[in-house]
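Colleague: Please take one part of this model and look at it closely, setting it in its surroundings as you go. I would like a single connected account, with the cut-offs stated where they matter.

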Amino acid sequence: MPTHNETKILPYSAQGMYDLVADVASYPEFLPWCAAARVKSVTDEGSRQIMAADLVISFKVFRERFGSQVILHPKDKFIDTQYLDGPFKYMKSTWKFEDTAEGCAVTFFVDFEFKNAILQGVIGLVFNEAMLRIVRAFETRADALYGQARP
C-alpha cells in the first residue's frame, strides 16, 4: 500500500536529529495532524529502549488513536516503529541518522494500510503531499531547536 522512502541531508548532527525524532511526546507541538501523543512506558533492553506510545491523528472528519512500539537504538541512531493497535491493518516506519561532512543524512521510510477503505482512499489522494509535510515539519522543528534557518 502507500510507502514513502527518502533521504535528506540536514545541517545538524545525527545525535540532534535522533533526539528530535525520539521525542515522541513533543509531536503535537509541530507535527501536522498529530492531535495528541502519550508515552506509556520506556523500558531499557540492553543497548536499546522500547517505548510504548499512543498518537491521536486528526485529519478532516477522521480522528483516530493508534498504539505503537517504538524501538530506539541510541548507539546506532536508528528508530524502528511497529504498529500495535488502532485504525491500521499494518504500519511500519524507520528512521536512520548518519553524520556526514554536510551534517546529517536522515533516512525515513513508512509503509501502512488503513483498515477503513474510505480513510485509505482519502489518504491515498494526498499521501505524497502528506509525507512531504511531515518531513518538512521535522526539518522546521530542527531549525527551531538548533537555530539554523535554511533557505
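How many bridges join β6 to β7, and do these strands run parallel or antiparallel?

Modeller: The two strands, β6 (88-100) and β7 (103-114), are joined by 12 bridges and run antiparallel. Before going further, I should say that this is a predicted model, in which local features need pLDDT of at least 70 and side-chain atom pairs count only at pLDDT 80 or more, while totals for chains, interfaces and linings use all residues. Residues are numbered from 1 along each chain as its sequence is written, and side-chain values use heavy atoms, with hydrogens and water left out.

Helices (H or I, at least four residues) and strands (E, at least two) are taken as DSSP runs numbered from the N terminus, and two strands count as paired if DSSP finds at least two bridges between them. On that basis, the protein has 2 helices and 7 strands, following the pattern β-α-β-β-β-β-β-β-α along the sequence. Its radius of gyration, taken over C-alpha atoms, is compared with a globule rule of 2.2 Å times the number of residues to the power 0.38; the value is 15 Å, close to the 15 Å that the rule gives for 151 residues, so the protein is as compact as a globular protein of that length. Contacts are heavy atoms within 4.5 Å, and among those with a separation of 6 or more, 47% are made by residues 24 or more positions apart.

The strand β6 has partners on both sides of it in sequence. A hairpin of 2 intervening residues leads from β6 to β7, and in β7 the bridge partner of F97 is V106. Towards β5 (78-85), the pairing is again antiparallel, with 5 bridges, and D80 has T94 of β6 as its bridge partner. β5 and β6 also form a hairpin with 2 residues between them, and in its turn G86 has a positive phi of about 135°.

The residue of β6 that repays the closest look is F97. Leaving aside residues up to four places away in sequence, F97 touches A14, M17, Y18, V21, D76, K77, I79, C104, A105 and V106. Several of these neighbours, including A14, M17, Y18 and V21, are among the buried residues of α1, where buried means under 20% relative accessible area, exposed over 50% and partly exposed in between (1.4 Å probe, protein chains only). The helix α1 as a whole is mostly covered, with 7 of its 9 residues buried.

One of these neighbours, Y18, also forms an aromatic pair with F97. Rings of Phe, Tyr and Trp (its six-membered ring) pair if their centres lie within 6.5 Å, and planes under 30 degrees apart count as stacked, over 60 as edge-to-face and the rest as tilted. The whole structure holds 11 such pairs; that of Y18 and F97 is edge-to-face, at 6.0 Å centre to centre and 90° between the planes. This pair links distant parts of the chain, since Y18 sits in helix α1 and F97 in strand β6, 79 residues apart. Both Y18 and F97 are buried. A second pair, Y83 with F88, has its ring centres 5.4 Å apart and its planes at 85°, so it too is edge-to-face, and again both Y83 and F88 are buried. F97 further belongs to an aromatic cluster that it forms with Y18, Y27, F30, W95, F108 and F138.

Another neighbour of F97 is K77, found in the loop between β4 and β5. K77 is buried, with a relative accessible area of 16%, and its phi is near 55°, a positive value in a residue other than glycine. Most residues other than glycine have a negative phi.

Finally, F97 is one of the residues with the most contacts inside the largest nonpolar core, alongside Y27, I79 and F138. Such a core is a set of buried Ala, Val, Leu, Ile, Met, Phe, Trp, Tyr and Cys residues joined through side-chain atoms within 4.5 Å, and this one has 38 residues. Among the elements that each supply at least two of them are α1, β5, β6 and β7, although the largest share, 7 residues, comes from α2.
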